[in-house]
Amino acid sequence: MLSSVGFDAAWCATDLGEYRACRYTYERYPYESLPPLDSSQFTGAFQWLGGTRGLDPEQVAKLNDLAGDLAARSLSLPQDFVTFQTSANLYGSLDEVSVTGCWTDISRPLPSPVEPGSFLVRFLRDQQDCVIWYLYLRSSGEAFVVHSYLDYEYEFEAQRDGEETESDLNDAEEQTAAILWCAPSFEEFAHRFWIENRLWHAVNGGDLSQLEPQLRNYLHHYAPPEVSA
């Protein structure tokens, strides 16, 4: 599967116990191998996570500053991202459920290294920067989620300061290979991330009895582990 910008598509995550193996901390799973999600639930209200309850004033101010930076570039943040990151009860919930220590870290707009006029906004990173997730914002108004092993904020700062970068930012082919498409919207990314991290706790804790039907169905998309004779 390819995104509209030509990025390969893959989901970066850890194991689901015996249901889905992972050789390292993370694996890049082909997007087409993932369980399908019910797109009708992605309304921007995050009802599957309990909906929104109040605003976080500090987050509202931060997102307004970011929106202003993007507006100067004729870009805007997707509303589902704004809703999640400014909600008093939703902000930080991906950090709380993450089994690999991922944490929210929203960056300023970072220029796409492969498409003039498009920008990246980092929003989530692994604790050891094994993988970093970004919004990818296009001048056409399209917005989706990508991930990379590169911290583009660090890469551009190093380039600006004349220091060595981890990759060649001027090599479009190398940069296209370093960025992987993983979700058509922020809410869909958040939902799959939330499901899989909750499932990790269930399968590694050995208790699947309390799983909601949605999570049980997600897990059963994968072949169940073989029963020993």
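**Note on the pocket, cavity and core of a predicted model**

1. Helix α1, which spans residues 57-71, gives the most to the lining of the largest pocket, with six residues. The model is a predicted one, and the points below should be read with that in mind.

2. The space in this largest pocket comes to about 160 Å³. Its lining includes Gln59, Lys62, Leu63, Asp65, Leu66 and Asp69, together with Tyr91 and the run Thr104, Asp105, Ile106, Ser107 and Arg108. Sorted by class, the lining of the largest pocket holds five charged residues, four nonpolar ones and three polar ones.

3. Turning to enclosed space, the count of cavities of 30 Å³ or more comes to one, and the largest cavity contains about 120 Å³ of space. Its lining is made up of 16 residues, and those that lie nearest the centre of the cavity are Ala13, Thr14, Phe193, Glu196 and Asn197.

4. Which elements supply at least two residues each to the lining of the largest cavity? They are strand β1 (10-13) and helix α6, and of the contributions to this lining that of α6 is the most, at four residues. The lining of the largest cavity divides into ten nonpolar, three polar and three charged residues, so a reader who wishes to examine the charged members may start with Glu196, which is among the residues nearest the centre and belongs to a class counted as charged.

5. Helix α6, residues 186-205, also gives the most to the largest nonpolar core, with nine residues. That core has 67 residues, of which Phe123, Trp133, Leu135, Tyr152, Phe186, Phe189 and Phe193 touch the most other members. Phe193 therefore appears twice in this note, since it is one of these core residues and is also among the residues nearest the centre of the largest cavity. As general background, nonpolar side chains in soluble globular proteins tend to be buried together.

6. Tyr152 deserves a separate look: leaving aside residues up to four places away in sequence, Tyr152 touches Leu110, Pro113, Leu120, Tyr134, Leu169, Gln175, Ala178 and Ile179.

7. Strand β1 pairs with strand β2 in the antiparallel sense, over four bridges, and Ala10 has Pro30 in β2 as its bridge partner. Along β2 (residues 27-30) the side chains alternate, in that Glu27 and Tyr29 point to one face and are buried, whereas Arg28 and Pro30 point to the other and are not buried.

Notes:
Residues are numbered from 1 along each chain as its sequence is written. This is a predicted model: local features need pLDDT of at least 70, side-chain atom pairs count only at pLDDT 80 or more; totals for chains, interfaces and linings use all residues. Side-chain values use heavy atoms; hydrogens and water are left out. A nonpolar core is a set of buried Ala, Val, Leu, Ile, Met, Phe, Trp, Tyr and Cys residues joined through side-chain atoms within 4.5 Å. Buried means under 20% relative accessible area, exposed over 50%, partly exposed in between (1.4 Å probe, protein chains only). Contact means heavy atoms within 4.5 Å. On a 1 Å grid over the protein atoms alone, a cavity is a set of points where a 1.4 Å probe fits but cannot get out, and a pocket is an open set with protein on both sides within 12 Å along at least five of seven lines; lining residues have an atom within 4 Å of a point. Grid points are joined across faces, edges and corners, and a volume is the space filled by probe spheres set on the points. Two strands pair if DSSP finds at least two bridges between them.
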